[in-house]
Amino acid sequence: YLKISKLALAFAIIHSKPPGKSSKEYTEYLARAVSEQDFGWKWKVEVLEAEVLRLRQELLLNRISPRFCLENRKQDISAETLVGQDSINATSYSSQLEDSGCDVCNDSAFDSLGIASDFHQSEHNVNTSKHWLERFPPLNLCHTSKDQSLTAPVHFLQRLLEIRKLSEGGILQADFSELENDSFTICNSVSQLLDGLTVFYNSPKFPAPGFLTEGVCVLLSLITDTKLSNHVLKKCFKKIEEFKKSLIQIILRNKSVNRFQALHSVSETLGLLGRNSILRNSLISLLLSGVRQFAEQLLQAHQVQSVYDITQYENIFLLCMILEQLLQNETEESNISSSDYGGEEKIKFLKNLDQVILHLSDEFPLFSLYLWRVSVLLNSGQMQ
């Protein structure tokens, strides 16, 4: 049946091709037309899926805390009124009206949300509720750029964290059991956030948008929160691990000439993730694996006098510095037991390391020094 269908399609193309065009050219033209239609449909599907997720986010927030959403709607109406009034005097205030109030992706909008440390401060008075509610613009999901597709999950997760904070202080009533009935929404939002961060780090812009760090801080706040972390870790732990692996590969494989500013931003994100006690051990294991594998490749290339990747050699030092810093932080935290710290990767890293350093020390003294410093930290008294 498939062969007959293909043959019928071929005859139809031959019979319907316009004069002056070969069958091959006409076939390629039809393939391009169909491909463009598919792309259009895919884009429409993505927009509709994002809109469905946004509605689910609003519904979940409303179920958890109706009062929070009601107060925000009041703020939304007043915000829209202000935007309308400002548009009348656009000439006088053009420098302040870079958008219509619907775009939540610019840096100024996220500056109004506050820094990450706000999530960990305790405020226990009634006026605080109004203060926090007023700081959040309406949930919006625009599709004009990748900036806005990333800010949408950040905005939703920040609202969720604020409800958690206000309820803990007794300012707001909230029912977080609703998360058990709709784990899809929060997990999908976290996945969207991680995918958006990966896209940005793969093709960075300068200066780096402030909401990149904001997104990482929101993720860490979710993981450390006692009531929300289980919902994130149960469904999204593999996704978070993939995100860390992606950041490490971005550092190792970046070959652009002006890459160091971009790589510095990625390394800062890895450093932030490593400060979290839940993510630290797995991140150190990934870094140990990356450095060990590169050391083995470098040793092999050195022994047979073959060419090695000089760009990757330059990039590996960022991983070494992150690894050393995380290990130093670990040894300074005496309250953390690390009897099985590093696990299998620690054993693999230390195995034959002295021989590796011995063979590489003459040709690659700086890299050998980093390997030795990491091994000292791994073998220190608190790492046993």
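In which helix does Gln312 lie? Gln312 lies in helix α13, a helix that spans residues 310-332. Helices (H or I, at least four residues) and strands (E, at least two) are DSSP runs, numbered from the N terminus. At 18% relative accessibility, Gln312 counts as buried; buried means under 20% relative accessible area, exposed over 50%, and partly exposed in between (1.4 Å probe, protein chains only). Gln312 touches Leu252, Phe294 and Gln297, with residues up to four places away in sequence not counted. Contact here means heavy atoms within 4.5 Å.

**Basis of the model**

This is a predicted model, in which local features need pLDDT of at least 70, side-chain atom pairs count only at pLDDT 80 or more, and totals for chains, interfaces and linings use all residues. Residues are numbered from 1 along each chain as its sequence is written, and side-chain values use heavy atoms, with hydrogens and water left out.

**Overall composition**

The protein chain has 16 helices and zero strands. Of its 384 residues, 44% count as buried. Among contacts in the chain between residues at least 6 apart in sequence, 75% join residues at least 24 apart.

**The largest nonpolar core**

The largest nonpolar core has 81 residues, and Leu273, Val291, Ile316, Phe367 and Leu371 touch the most other members. A nonpolar core is a set of buried Ala, Val, Leu, Ile, Met, Phe, Trp, Tyr and Cys residues joined through side-chain atoms within 4.5 Å. Helix α12 (residues 277-303) gives the largest share of this core, eleven residues. Because domain 1 (150-275) and domain 2 (278-383) both give residues to the core, it lies between them. These domain bounds come from an automatic or database domain assignment.

Leu273 touches Val216, Leu219, Leu220, Phe243, Lys244, Leu247, Leu279 and Leu283, not counting residues up to four places away in sequence. One of these partners, Leu220, is found in helix α9 (residues 211-224) and is buried at 13% relative accessibility. With residues up to four places away left out, Leu220 touches Leu272, Leu273, Asn276 and Leu279. The C-alpha atoms of Leu220 and Leu279 are separated by 9.3 Å, although the two residues are 59 residues apart along the chain.

**The packing of α11 and α12**

Two packed helices are described by the angle between their axes and the distance between the axes. Helix α11 (residues 260-274) packs with α12 at an angle of about 125°, and their axes are 7 Å apart. Axes are lines fitted to C-alpha atoms, for helices over the stretch in contact, and angles run from 0 to 180 degrees between N-to-C directions. The two helices are therefore oblique to each other: angles under 35 degrees count as roughly parallel, over 145 as roughly antiparallel, 65 to 115 as roughly perpendicular and the rest as oblique.

In this contact, Leu270, Leu273 and Gly274 of α11 meet Leu279, Arg280 and Leu283 of α12. By class, there are four nonpolar, one polar and one charged residues. Ala, Val, Leu, Ile, Met, Phe, Trp, Tyr, Cys and Pro count as nonpolar, Asp, Glu, Lys and Arg as charged, and the others, Gly among them, as polar.

Gly274 is buried, with a relative accessible area of 1%. Its contacts, not counting residues up to four places away in sequence, are Arg280, Leu283 and Leu326. Gly274 and Leu326 are 52 residues apart along the chain, and their C-alpha atoms are separated by 6.5 Å.

**Other buried residues**

Glu345 has its place in helix α14 (residues 343-350) and counts as buried at 16% relative accessibility. Leaving aside neighbours within four places in sequence, Glu345 is in contact with Ser285, Leu288, Ser289 and Arg292. Leu166, in helix α6 (residues 146-168), is buried with a relative accessible area of 2%. Leu166 and Phe68 are 98 residues apart in sequence and 9.6 Å apart in space, C-alpha to C-alpha.

**Two loop residues with positive phi**

Most residues other than glycine have a negative phi, and most peptide bonds are trans. The table gives two residues with a positive phi.

| Residue | Phi | Loop | Relative accessibility |
|---|---|---|---|
| Gln305 | about 60° | between α12 and α13 (310-332) | 64%, exposed |
| Asn352 | about 60° | between α14 and α15 (353-360) | 52%, exposed |

Gln305 is not a glycine, and neither is Asn352.
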